[in-house]
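Student: I have a model open in front of me and would like to learn how to read it. Could you take me through it feature by feature?

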Amino acid sequence: STWVARHAYASSALLVPSTQSDGSRGVLDDFREAYAWMRDNTRADARIVAWGDCGYQIGALANRTVVVDGAAWNQSHAAA
């Protein structure tokens, strides 16, 4: 739905609020956990190809080179 896309996919937040089927509220921590996994399970010289919106977070939190980091507006700024 539009609500899901707006809240889950368009957010640059690391923690995403959620509502369970019973009405209780929670927090999804998947992004931060994924960046920690990348940091711990990929080589230090790995280059990550990802959607540009999360590229900066991958570079900062996983400490990995990202081919497109959201700031790369042309080929001269993309990692080679």
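Tutor: Gladly. Let's begin with a term: helices (H or I, at least four residues) and strands (E, at least two) are DSSP runs, numbered from the N terminus. In this structure, asparagine 63 comes right after helix 3 and has a positive phi, near 55°. A word on the source: this is a predicted model, in which local features need pLDDT of at least 70, side-chain atom pairs count only at pLDDT 80 or more, and totals for chains, interfaces and linings use all residues. Residues are numbered from 1 along each chain as its sequence is written, and side-chain values use heavy atoms, with hydrogens and water left out.

Student: How many helices and strands does the chain have, and in what order do the elements run?

Tutor: The chain has three helices and four strands. Starting at the N terminus, their order is α-β-β-α-β-α-β.

Student: How do I read the way helix 2 and helix 3 cross?

Tutor: Axes are lines fitted to C-alpha atoms, for helices over the stretch in contact, and angles run from 0 to 180 degrees between N-to-C directions. Here the axes of helix 2 (residues 30-41) and helix 3 (residues 52-62) come within 9 Å, crossing at roughly 55°. Angles under 35 degrees count as roughly parallel, over 145 as roughly antiparallel, 65 to 115 as roughly perpendicular and the rest as oblique. Helix 2 and helix 3 are therefore oblique to each other.

Student: Which residues make the contact between helix 2 and helix 3?

Tutor: Contact means heavy atoms within 4.5 Å. Helix 2 contributes Tyr35, Met38 and Arg39, while helix 3 contributes Cys54, Gln57, Ile58, Leu61 and Ala62.

Student: And which residues of helix 3 are buried?

Tutor: Buried means under 20% relative accessible area, exposed over 50%, and partly exposed in between (1.4 Å probe, protein chains only). In helix 3, the buried residues are Gly52, Gly55, Gln57, Ile58 and Ala62. Their cover includes helix 2, strand 3 and strand 4 (65-66). Over the chain of 80 residues, 19% count as buried.

Student: What about arginine 47: where is it found?

Tutor: Arginine 47 lies in strand 3 (residues 47-48). With a relative accessible area of 49%, arginine 47 is partly exposed. Its C-alpha atom is 5.5 Å from that of valine 66, although the two residues are 19 apart along the chain.

Student: How many salt bridges does a search of the whole structure find?

Tutor: The general idea is that side chains of opposite charge can pair when their charged atoms come close. A salt bridge is a side-chain nitrogen of Lys or Arg within 4 Å of a carboxyl oxygen of Asp or Glu. The search finds three of them. One joins arginine 32 to aspartate 29 (2.6 Å, N to O). Arginine 32 is partly exposed at 42% relative accessible area, whereas aspartate 29 is buried at 17%.

Student: Which residue does aspartate 40 pair with?

Tutor: Aspartate 40 forms a salt bridge with arginine 39, and their closest N and O atoms are 3.4 Å apart. Aspartate 40 is exposed, with a relative accessible area of 56%, while arginine 39 is partly exposed at 38%. Arginine 39 is also one of the helix 2 residues in the contact with helix 3.

Student: And arginine 43 with aspartate 45: are these residues buried or exposed?

Tutor: Both arginine 43 and aspartate 45 are exposed. In their salt bridge, the closest N and O atoms are 2.8 Å apart.
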